[in-house]
Structure formats: structure tokens, C-alpha cells
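User: I'd like to go through this one with you and ask where the labels come from. Can you show it first?

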Amino acid sequence: MTATVAPAEQRPALPSNTAVYRDDGPLALAIGRAAGARVPVPAMALLLLGAGAILALAAFVGRDASTGLAAVAVAWLVLTVGVTSGRWPKESFHWAVPPLVRLAEYAALAWLAAIADAVPAAFALICALTFRHYDLVYRLRHRAEVPPRWLNLLAAGWEGRVIIAWLLLALGALPEAMYVWAGLLGAVSVAETVVAWRRFERGRGTAGEFDEVEGEGE
Amino acid sequence: MTDTTRAVGAPRAAVPSGDPTAVATAIVIATVPAAGGACAALLPWQGATVLARLLGQLAELGIGDVRVLTRPAFEAGVRDVAGERVHVAEGTGGDLRAIADAAGEPGAGLVILPGDVITHKEALAGLLKDPRVVTGALLGGGWRSRQFAFRVRSKRGHVISAASPYHAVHRPTSAFLGVLKVAAADRPALAASAARLAELAAAPPEEWREELERKRDMWRKGLWRASQRDGDEEDEAEGEDEPADDFDDAPERDDGPAAEDIVLSPEDEARLLEKLAAAPEDTTALALVGLVRSGTHVGVNRLRRLFWDRPLSAEAAADAELRIRDYDEDKVLLDSAVKGSDGFFTTFFVSTYSRYIARWAAHRGFTPNQVTTVSLFIGILAAAAFATGERWGLIAGAVLLQAAFTTDCVDGQLARYTRTFSKLGAWLDSVFDRSKEYLCFAGLAIGASRAGDPVWTLACCALILQTARHFSDFSFGAGQTLVIGATEQPPVERSLDAGALAAAERRARGNGGEDPTGSDRRAEHEPEPEPQPQLPLARRMLRAWHRIDRLPGVRWLKKMAAFPIGERFAAISLTAALFDPRVTFVVLLAWGGFAVVYTLSGRVLRSIAR
């Protein structure tokens, strides 16, 4: 394969790809800053404990879970995985972090919706989120950009979304509110992407790569 | 987190608007002497000369500013071909100064190439017209037919070490074919490194002289070894371009008699003499060494299965004229438009015919982005058909999804065939692929609900599994790019490259402080056995894992196990058409789950071994 790394213009250093892929919101970052250095548990263990708890509850308790149990699970997830935003495993294992965060987030959203018998709404929300998350990867790759701050705040981060989903469950607003949420998030994400591409093409940016990355199996 | 720099290349000078990789200037070096003191660039070619052919190719590629460097002895002949564009230089130092001056002017990209190179226009276009290659070199494999070409070592698509008459490469991976493209942003780097090389060429360091002598011995041995082999074996490597970065079987292994004991046939002796006279004139190789040693990112562009030669006698040129007739440029271009890293299903069941659709689309003037968009629409139709929940809908959806996948393969092949690459196109391709897949999930789930068998939970699980799998791929890929890092480059005064110097140091430590440079004069000969301490378990397992790739079919089985897009779309179509959505999602989850275990264990092993 040919080399595909094009020159970047002078630009501030971007955070590492894996940090961007995590899609942390303000709360997770705050937890990471406050406790990341102090909690004496390896980052990988925290991630597995956080994601594992949600998967186990979804598999074994499923739809029968109470709102209270869901609240405890959400708090556990936000705390454990939140801490890892300030606490990384050793560098050769950084790649394992984003998929675990994604798995935990999506599984939590699907499970919370399932408690209210609203799995199709969760499917819609996750579809809207996949657009955001794939775009995080592809905009870094092809434009060497990260999303604007307002969009990240609007998306609320993985922990914000899980908490909002629990609130909707507690308020009995599922599935309608989740459909509206999915629609809005999807529409705003797509619109922002269209605008960003227009700007990039007008500016004839030289950053970013042309090619897909090899070894992705696609 | 320490790795805050991204792999988007070192910051470079701001580039004026326009394609930053466009080439407007060519510096043709017509200084190489051929047999009998003639100029190699002026060897006869189809009633004209090799140089005239090359200048015609450059004109067809839209390069308006062509300058030809030559020597006083060849000036008259070169002027007959190139007219007023000729610049006479005294010696390699003069060439390098002329290159430095040209590179010092502001302007677009430039290309440096020898005037005696015979290749297809497509080979030049592949390097010069590809916006993905910023600054890059044309490389090829085929040791046997290219024993005189200077070697390079490349890693992950960029040149990390290059050879010249005066520079050696430790463990080379391919041959430099003389064509060097320098992007506008790298002109200052070229100017500086060429100026430095010009100074050195005027008063060559002792190391350089020794290295040229070593090259003579190396070529002598290479010719002797070639004469020991069968004639047909020699043809096999013609035009061969092995992308595998592994030349363990390079002809310069250190076996056989010593160079001074070898008696060559008169023809080979004549060829060696021709080459020895020509080698010091190889300014493009020096320019490449200068760029690489200055830390410039030099990309790799491969010859593919095209013809390439640099004849040094009229007989060799006549022979090249005969051999080039056997090549079909368009077929090579079309074949190389197919991505080599595709999965089994894509390679054998789609790319075999989709390349012809790509060629048809190119002739009809379709753009890759139009094809990508058509593919998305077919995908939406497939999802809508799935959503009916009827048998006919499932069958129609299955067929439409395959049509969408074929057009999806066509867009990339069309882009590569017509070299219309764009970052937006790559983005659209990736995003639309994901959209089609997940829309079909939704369509199948809706259809199943209509048919009275809701599978939303399974659909949700399949969606989550696939996304998590992709994110594992993305993050792992991002980590791999960071690992490459920059190689510390020794200054151009040194003949040995970083790898050879490191090897010499290791050996000096092992041999109790023997003269490091003296003991490693054969750096380029043999990939000298690295010290082999007991490897950790993880690394040994990985080695064994890579070794079984040589067994027939294993490579494809491994690709299938990772459940790539072609296999996923085929699984969706088959199960939906023959069974029902529930079966589709169960298969997606089972195969996908197996792929997770499979890829994850490989990645964990690699992370431990690192």
C-alpha cells in the first residue's frame, strides 16, 4: 500500500486518537481528574468491572430490573469507567479502552430501554450515536479534526447519555422521548458534519488522510 | 497520556492553495555514460532516443517545466533532443548544485529522474498523479532483473533508508527505480540536502570511496550468482513487484567465492564495467539519500507489474524494446485498482467482475462519489425491502444488498483506476458502508416485527457488537501508527545507515570492541542473524502464528475468521433470503462473537509481546 500521510498545517496538537474515541463528557472527565490518580485499581480492571456489571445485569436480570437497581448500576458504571478517563492502562493496551467504553455505554442504553420495553427506541438512539462515533474516527482520519466543543456538550458524553436514559426511564418518558432524542442528535450531528466538510473543502485543507487504514478488515 | 502527537506528519511550511502534491517541474538527469562512451539517455528507441520518449511521457503528464542536466561531452546530442532546456553540469557535484538551485526556487512539486529510464507512462503517473503520495519514490522488487538498482528499506509505506553509490542499506526491502517526487512543501529540505551533498561530492569522504568499492564486489558476486542459475529463473522476476517487505533471499548473501576470485563471462564483465562507469553518475539515488537522511517523509509508490529498465548499451535498449511489448498497461492499472487487503468474499466473488464495472464507469465519466451515493440508495432500497417482512421482500432485499455491496467495491476501484482520490470520498465511503449495514439491521427488525416475530433485542446486540468490533479495530490501528515513530538518521557523510550502525555496535559489543565500521562493511549483503535470546512466550506464539500463513489457504481462512464486510453482507443476504431475520441476527452474533474472540486474542498477545 502507498503512504497516505499527508502534511498537516501548523495546528495545535490534537489529543490522542484513543482519548477522542472514548467520547467522555464533562462529568466523566471531572471524575477522572479527581480520582484517576488516587484509585489504586488498574484501569483495565475498572473498565471490565464497569462494563461487566452492565452486561451481567442486562443478561441475567434484564427487563425485570427496578428503577432503583438501574440507578445503582448507572452510578457504578459512571464511577468505574469515569475514573479511567484520568487513568490509562499501559500504552500497549490503550487500544482496548474505547471499545470497552462503547460496549458499556450502548449496552447500558439498550438495557435501560429494555426495562421500559422500549428496545426499538434504544436501537434508534444507538444508530444516531454510531453516526457520531464513526464520525469521530473518520473526521480525525480524513480531516485531522475533533468535533466542536458545543457539539460535544450537546452530546453530553457517554456518561451523560446513560444518566439521561435513566432519567427518562424514571420519569416514564420511554420510548417517545428517546425517539425524539435520537432524531435530534442524529439531525444535529449530520448537519454539523455537512457544514464541517464544506468548510474543509473550501479551505482546501491539506491535513488528514485519503485512505482507509489497512488491517481493519473492511 | 504522553502520546499527544498524532500521526498526521510533521508540520510543514504553509502551502499555497491548489493540490499540494501537484508536480510542475521535472529535472531529467542525462549524464549516465553507456557502452562505448555514448550517453545512455541518447540510446536508440524506435527510431528516436530513450530521452525523447521520456520527454514525451512527461509532456503527456502535463509537466511543462522540464530541465535536462547533462555533461559537456553529451551536450550536443542532448540539445538535439531537448532543445533549449539543457543545463550542462560538471560532475555529480554540479548536478546536485543545479538540483539545489531549482529546489530553492518557489514553486509546485518537482520530480527528479534519470534520462535513461524506460518505463510505462502509467508507472510515472502512478507516482506523480497520486495525491496520496506527497513526497515519494518509485520502488520495485525483482532482485534478479534489477541487481544494479540501488536498494532502499521501507517500512509502513515510507522509506527509512536508501542506498547510493556511496551509501549502504541495512536489510533492504526493495529497489529504488530512480524516480523521485518532491512535494512543494519539501523543496526547502531537498535544496538543503542537495547543497550539502554537492559539497561532499566535491571532496568525497573516505567512507564513500570504500563503499563504492564494496558495491563493485557486490555486483560482481551478483552477476556470478545469476550466471549460476538457470536462464528461466531469471525471467521470473521480470516486472515482479512483491509488496512483501522481505528480501531474505536477496542475491547478495555472503556465500560463494570471494569477489576477486570470480571470473565472469566476457558479457557480464562488460556489463559490470558499464555499470561501474554509470554508478557514480546516479544523482537521483544521492538526492533520495539526502532527503531520507534529513528526516523528510518519503512515501512509497510501487511499480506494480509494469516494465522498467535502464539500459547501458544499444543492445540492451533493443532488448528492452522487444520486452516492453508484452505488457498491457491498462490491465495492470485495472488490476492494481483492486485493493490487496480485501477479504475472501470480496476478492473472489466481487472484485473479479466489479473491476470491469469500474472501468465501464470510468469510460462513461462517472465519479467515485456518484457511485458511492448510488450504492447508498440501493442499500436503502434493500433495507426497505427487508422491512416488508414478506418472503419476496427478504429475497429482493438480499439481492439489492449484494448490488449495493458491488457498487460499494466499484467506487474505490474507480477512484484508484482514475486516480480521483478525495478525502470526502473516503469519508463518504466509510460512513455509507456503516449506514447501509445498520439500515438493513433496522429493516430486518421491522420486517420481523411485522411478520410477528420481534427481534429488536437481537438486532440491538448485533449493532452493539459490530460497533464495538470496529472501535477495537480503529483504536488498535491508531496505536500501531504511533509505534512506527521516527528513525534517527545519521548524516550523509556516513555510508552506513542507522540500522547498519546499530548492528555494528551490537557486534562490537559482542566481539569485545572490534572495529565497528570494519566489521560491518557487508551490511547490505546479508540480513546478519540477530542475536537470538530466548524469546518470551507471547512472541514465540506470534511467530508461529505468522509462520502458518505460508500454508495454502490459511491466510484467507484467517481473513474470514475476522468476519470482514464482504462476509457480513453475504451472511445477511443468504440467511435473510433463505431463512428469516432471526436466523440472520443469530448468525451475525455467532460469527461476530467468534471474530471478537479471535481478533482479541491476537491483539492481546501482540500487546503483551510489545
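Below, each label is set against its cut-off.

Analyst: Before we start: this is a predicted model, where local features need pLDDT of at least 70, side-chain atom pairs count only at pLDDT 80 or more, and totals for chains, interfaces and linings use all residues. Residues are numbered from 1 along each chain as its sequence is written, chains are lettered from A and ligands numbered from 1 in the order in which they are written, and side-chain values use heavy atoms, leaving out hydrogens and water.

User: Why is B:Ser430 called buried?

Analyst: Buried means under 20% relative accessible area, exposed over 50%, and partly exposed in between (1.4 Å probe, protein chains only). B:Ser430 has 10%, so it's buried. It sits in helix 15 (residues 423-450) of chain B; helices here are DSSP runs of H or I, at least four residues, and strands are runs of E, at least two, numbered from the N terminus.

User: What does B:Ser430 touch?

Analyst: A:Tyr138 and A:His142, leaving aside residues up to four places away in sequence. A contact means heavy atoms within 4.5 Å.

User: And what makes B:Arg550 exposed?

Analyst: Its relative accessible area is 72%, so B:Arg550 counts as exposed. You'll find B:Arg550 in the loop between helix 19 (537-547) and helix 20 (554-561) of chain B.

User: Which residues gather with B:Arg550 in a patch of positive charge?

Analyst: B:Arg539, B:Arg543 and B:Arg547 join B:Arg550 there, on the surface. Patches take residues with over 30% relative accessible area and no salt bridge, joining like charges within 9 Å and nonpolar side chains (Val, Leu, Ile, Met, Phe, Trp, Tyr) within 5 Å. A salt bridge is a side-chain nitrogen of Lys or Arg within 4 Å of a carboxyl oxygen of Asp or Glu. Lys and Arg count as positive, and the place of an Arg charge is taken as CZ.

User: How do you know that B:Trp360 is partly exposed?

Analyst: B:Trp360 comes out at 47% relative accessibility, so partly exposed is the label. This Trp is in helix 12 of chain B. With B:Tyr353, B:Tyr356, B:Ile357 and B:Phe366, B:Trp360 forms a nonpolar surface patch of about 510 Å² accessible area together, by the Shrake-Rupley method with a 1.4 Å probe.

User: Which residues of helix 20 of chain B are buried, and what covers them?

Analyst: The buried ones are B:Val554, B:Trp556, B:Lys558 and B:Ala561. Their cover includes helix 12 (344-364), helix 19 and helix 22 (581-609) of chain B.

User: How many helices and strands does chain A have?

Analyst: Nine helices and zero strands.
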